[in-house]
Amino acid sequence: MADTLPSEFDVIVIGTGLPESIIAAACSRSGRRVLHVDSRSYYGGNWASFSFSGLLSWLKEHQENSDIENDSSMWQDQILENEEAIALSRKDKTIQHVEVFCYASQDLHEDVEEAGALQKNHALVTSANSTEAAESAFLPMEDESLSTMNCEMLTEQTPSSDPENALEVNGAEVTGEKENHCDDKTCVPSTSAEDVSENVPIAEDTTEQRKKDRITYSQIIKEGRRFNIDLVSKLLYSRGLLIDLLIKSNVSRYAEFKNITRILAFREGRVEQVPCSRADVFNSKQLTMVEKRMLMKFLTFCMEYEKYPDEYKGYEDITFYEYLKTQKLTPNLQYIVLHSIAMTSETASSTIDGLKATRNFLHCLGRYGNTPFLFPLYGQGELPQCFCRMCAVFGGIYCLRHSVQCLVVDKESRKCKAIIDQFGQRIISEHFLVEDSYFSENMCSRVQYRQISRAVLITDRSVLKTDSDQQISILTVPAEEPGTFAVRVIELCSSTMTCMKGTYLVHLTCTSSKTAREDLEPVVQKLFFPYTEMEIENEQVEKPRILWALYFNMRDSSDISRSCYKDLPSNVYVCSGPDCGLGNDNAVKQAETLFQEICPSEDFCPPPPNPEDIVLDGDGLQPEASESSTIPEANSETFKESTNLGNLEESSE
């Protein structure tokens, strides 16, 4: 691949996270020659989504990555006397404290076969079902971290990801497989005639039947391609910067979205639904008529709070929580506004920040549905790939599994002039964008990073059971102890194409104060039960059961000044990884700011030209015409099923 790469570009982008992908697309759209490389075997970096087997591969690669040592012998000879090199790190240190637990039955006697999936390894995860099984497989107990043991056991069995299929794997066919018939508690594979003939009479003990019906680890492995598990959990505000950019640039045609169907609150040990729209408020049975009027009056004020400065001017120095106490709101309404609408905590936001957050929430209502949020089908990892596709359409060159050894800096001008890749090829460019994780420890020695605590759970039912089993929910659990943070919970159903039928994919996120498990396990215990044999025998279980769980800490490199990076050349720009916020505004703002520094007079991601208006000359290609043959027509599903931003934008206007 290196032999065929051009030796000179206008912009070189290292890393395929969301900010880098947006910038690459914008530069390519503006006519710049873009080289976009990533040492990983998949798109997205810490913004990526994985199938279940792909996630296990990621755990293995993470462990292998920690053992890599930089070899500088290949590129040192290419550094001239008037040059110096900034070595880039080959170790990804953005993920820490990885712990994996399997609560579903291991079914050691079954054989697991799934194309491209990890062959079942029962020493892979901690089993919560059997102490004997854990001992025989030499498993650590639940209080022991699996960050080392589990990943080591994966190294010989996990296939690496195929970068050529990175854009296709999420769109794998979901038909033709064995259909699952799901009830409220379990997911049962449809039976063949041979299975029916072996059925026990109706009088069979119900406990034994429930054991047969339970979801096993083998089923999760077999249905592994049904999962698309995000490393970072976010939603899109319907009037947020990312939605506006997707529509403006026409990148929205590469993806589909679903509306978040409900917003939940956790109070006094119970999960309940929060009314969002005016109709929801007045139809709510949780609020009295007086509370409904109070709430509508306050929300109406928040929509235009800047017109009434006398209402908040004296409270600017206190928290939004204290400000709510001064309003004519009951404690019940204060809780709903603070945690479910403004989505903040008692100490996190000032009065002005809380009013802005509330107004933003209300402003986003009604554009695409009954809540302010959208979620991309097949996961958050689709979004970087969409912008990478736009970049490629306009001539950008992509190389995965292609590491960069160093940046070459001119000693006199103190500007970066080239990179040297893993094959020793020197590639010249004017501008360089580097994702934070690629910098060495020496370069980042002055940087103080925050951490994000993450948990991913596979469960067997929703946290709030309703008539429909296809609910997409967001829930904020307030912090209970000083020094801890509120936990955001996003629950995804199978219609989002992120999990198999009969299961839910639950993401928990908060700012770290300890390890991810220490931060999030108290909330997990409030909302869920481990999936154990004892609970299977109990019909009266109200909480969802956990089938599988993953905890890890992720580096938050957002909002770090470039002056914190040691000896950073002026034409090298730093892109941060995911932040802890719910939306993607930070990534879009960062991408636009850096693009304006590179192309100060250019429009940021303008709409693509109409193919009919493009005049071909010489050997020129018509990007849109060549691309149109591979772009499927917009899905004709109803709004309730999925959302096409472009079509709905026209209808909404």
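Tyr42, Phe50, Trp58 and Phe552 form one aromatic cluster. The cluster is a useful place to begin reading this structure, which is a predicted model.

Beyond this cluster, the aromatic rings can be followed pair by pair. The structure holds 18 aromatic pairs in total. One of them joins Phe320 and Tyr323, whose ring centres are 6.3 Å apart and whose planes meet at 20°, an arrangement described as stacked. Both residues belong to helix α12, which spans residues 320-326. Within that helix they are separated by 3 residues, or about one turn. Are these two residues buried or exposed? Phe320 has a relative accessibility of 0%, and it therefore counts as buried. Tyr323 is likewise buried, because its relative accessible area is 0%.

A second pair is formed by Phe439 and Tyr565. Their ring centres lie 5.6 Å apart and their planes stand at 45°, so this pair is classed as tilted. Here the partners come from distant parts of the chain, being 126 residues apart. Phe439 is found in the loop between β19 (431-435) and β20 (450-459), while Tyr565 is found in the loop between β25 (545-556) and β26 (572-575). Phe439 counts as buried because its relative accessibility is 5%, which is under the 20% limit. Tyr565, at 3%, counts as buried by that limit of 20% as well.

Aromatic rings also meet charged groups in this model. The charged end of Lys543 is placed over the ring of Phe529, at 5.2 Å from the ring centre. In another example, the charged end of Arg555 sits over the ring of Tyr449, and the distance to the ring centre is 4.1 Å.

The reader may now turn from the rings to the open space in the structure. The largest pocket contains about 1400 Å³ of space. It is lined by 42 residues, and those closest to its centre are Met343, Thr344, Ser349, Gly581 and Leu582. Which helix or strand supplies the largest share of this lining? That element is helix α14, with 6 residues. At least two lining residues come from each of α14 (351-364), β22 (487-492), β23 (504-511) and α18 (585-598). Sorted by class, the lining of the largest pocket consists of 15 nonpolar, 15 polar and 12 charged residues.

Methods
Residues numbered from 1 in each chain as written. Predicted model: local features only at pLDDT ≥ 70, side-chain atom pairs only at ≥ 80, totals over all residues. Heavy atoms only, no water. 1 Å grid on protein atoms, 1.4 Å probe; cavity = no way out; pocket = protein on both sides within 12 Å on 5 of 7 lines; lining within 4 Å. Points joined across faces, edges and corners; volume = space filled by probe spheres on them. Helix = DSSP H or I, 4+ residues; strand = E, 2+ residues; numbered from the N terminus. Nonpolar A, V, L, I, M, F, W, Y, C, P; charged D, E, K, R; others polar. Phe/Tyr/Trp six-rings, centres within 6.5 Å; stacked < 30°, edge-to-face > 60°. Buried < 20%, exposed > 50% of the residue type's maximum accessible area, 1.4 Å probe, protein only. Lys NZ or Arg CZ within 6 Å of the ring centre and 35° of its normal.
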